[in-house]
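Dear colleague,

I am handing over the structure below, and after it I set out what was found, beginning with a question that may be worth considering before you read on.

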Amino acid sequence: MRIVFNTLEGNYALCLLANLIQLAYVHKDDVLKDVAFPTFTFVVTRLLESCQHYVVTKQSNLTHWHPVLGWFAQSLDSSLHEAMPYIKSQLYILWSTPLVSVLLDQTLAELVENIPDNYIDGPSSSTSATSNILRRALDHRVNRANAAKYHHKLGSPECTKVALICSLYQTSLETLTQLRLDILTGLCYQDRILYNLWLFLSSLGPNCGLKAFLDLLTVNTKCSAPEFQMLILFCDCMTHYVTILDDLEMYEQQKPFRLTDYVNMSTFLNHFLYKVSWQLIWISHIID
């Protein structure tokens, strides 16, 4: 991929990426199922990462406006202007239902197939306390048993697979800056993908695997590991998803996410951000 990108540079590498995505769509019912992971996932991610090296956030004398990548540190070949609408149409396939189904939906569905929806109320919820001490003790024991039954370990092969596929889409968000809202909308409207990802995160341990993520942070301080990309993608999607819900959908229908789910998400994020901030302060004191 490095040799290919150096030969084509950013603009034509984007054309190659678009063609590969359309080729995958053509073979979505046969070949793609066999090469979706890891081959297709790795190749697409690497091409996106290579393009991302030239994506910048601000205009300067060395940047040019790109209709897909935003401010880009390479000039756009005039011969590509007419092709750009077709390239965008090809790129849209990456977050369309057929490809997302093969890449992410089926993978998540298999991993959370036997996890009941009320599972999250147990191990990750801190609001289920009752006045009966004996009842609380029994519930805690049952919850621990359920947590062990549906547990997935951070770093396991199945978790790594989900993380790398999520990393592909997170890299798309960071690279294809002008298509960000389209990518988020495509992922949020794919049946139960977002909820299944939430179920999977909840199966990583108490409070969505908080301890596992914090342990990983100690060895990956820049949060560049695919597991963090998985978490970031979920947060980006949920941020977009919540903004498009109306009061009826959120408070009355509560499908697929219930109010307890939002409470559990907030609990995890509050604890995670607090621990991260405290860890950074502790490290800065050591350095001083």
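Are Asp-261 and Arg-258 buried or exposed? Both residues are buried, and please keep in mind, here and throughout, that this is a predicted model. The two side chains form a salt bridge in which the closest N and O atoms are 3.5 Å apart, so the pair meets the cut-off of 4 Å between a side-chain nitrogen of Lys or Arg and a carboxyl oxygen of Asp or Glu. By this rule the count of salt bridges comes to 4, and two others are described next.

Salt bridges within helices

In helix α2, which covers residues 31-52, Glu-49 and Arg-46 are 3 residues apart and therefore separated by about one helical turn. These residues form a salt bridge, with 3.4 Å between the closest N and O atoms. As for their surroundings, Glu-49 is partly exposed at a relative accessible area of 30%, and Arg-46 is likewise counted as partly exposed, with a relative accessibility of 39%.

Helix α9, made up of residues 206-219, holds both Asp-215 and Lys-211, which lie 4 residues apart, or about one turn of the helix. Their side chains meet in a salt bridge with an N to O distance of 2.9 Å. Lys-211 counts as exposed because its relative accessibility is 61%, which is over the 50% required, whereas Asp-215, at a relative accessible area of 39%, is partly exposed.

A patch of negative charge

On the surface, Asp-246, Asp-247, Glu-249 and Glu-252 gather in a patch of negative charge. Glu-252, one of these residues, is found in helix α11, which runs over residues 247-253. Since membership of such a patch calls for over 30% relative accessible area, it fits that Glu-252 is exposed, with a relative accessible area of 63%.

A pair separated along the chain

Which residue, 66 residues away along the chain, has its C-alpha atom 9.1 Å from that of Ile-232? That residue is Cys-166. Ile-232 itself lies in helix α10, which spans residues 226-243, and with a relative accessible area of 31% Ile-232 is partly exposed, because this value falls between the limits of 20% for buried and 50% for exposed residues.

With kind regards

Terms used:
Residues numbered from 1 in each chain as written. Predicted model: local features only at pLDDT ≥ 70, side-chain atom pairs only at ≥ 80, totals over all residues. Heavy atoms only, no water. Patch = residues over 30% accessible without salt bridge, like charges linked within 9 Å, V, L, I, M, F, W, Y side chains within 5 Å. Areas by Shrake-Rupley, 256 points an atom, 1.4 Å probe, with all protein chains shown as cover. Lys, Arg positive; Asp, Glu negative; His and termini not counted. Charge placed at Lys NZ, Arg CZ, Asp CG, Glu CD. Helix = DSSP H or I, 4+ residues; strand = E, 2+ residues; numbered from the N terminus. Buried < 20%, exposed > 50% of the residue type's maximum accessible area, 1.4 Å probe, protein only.
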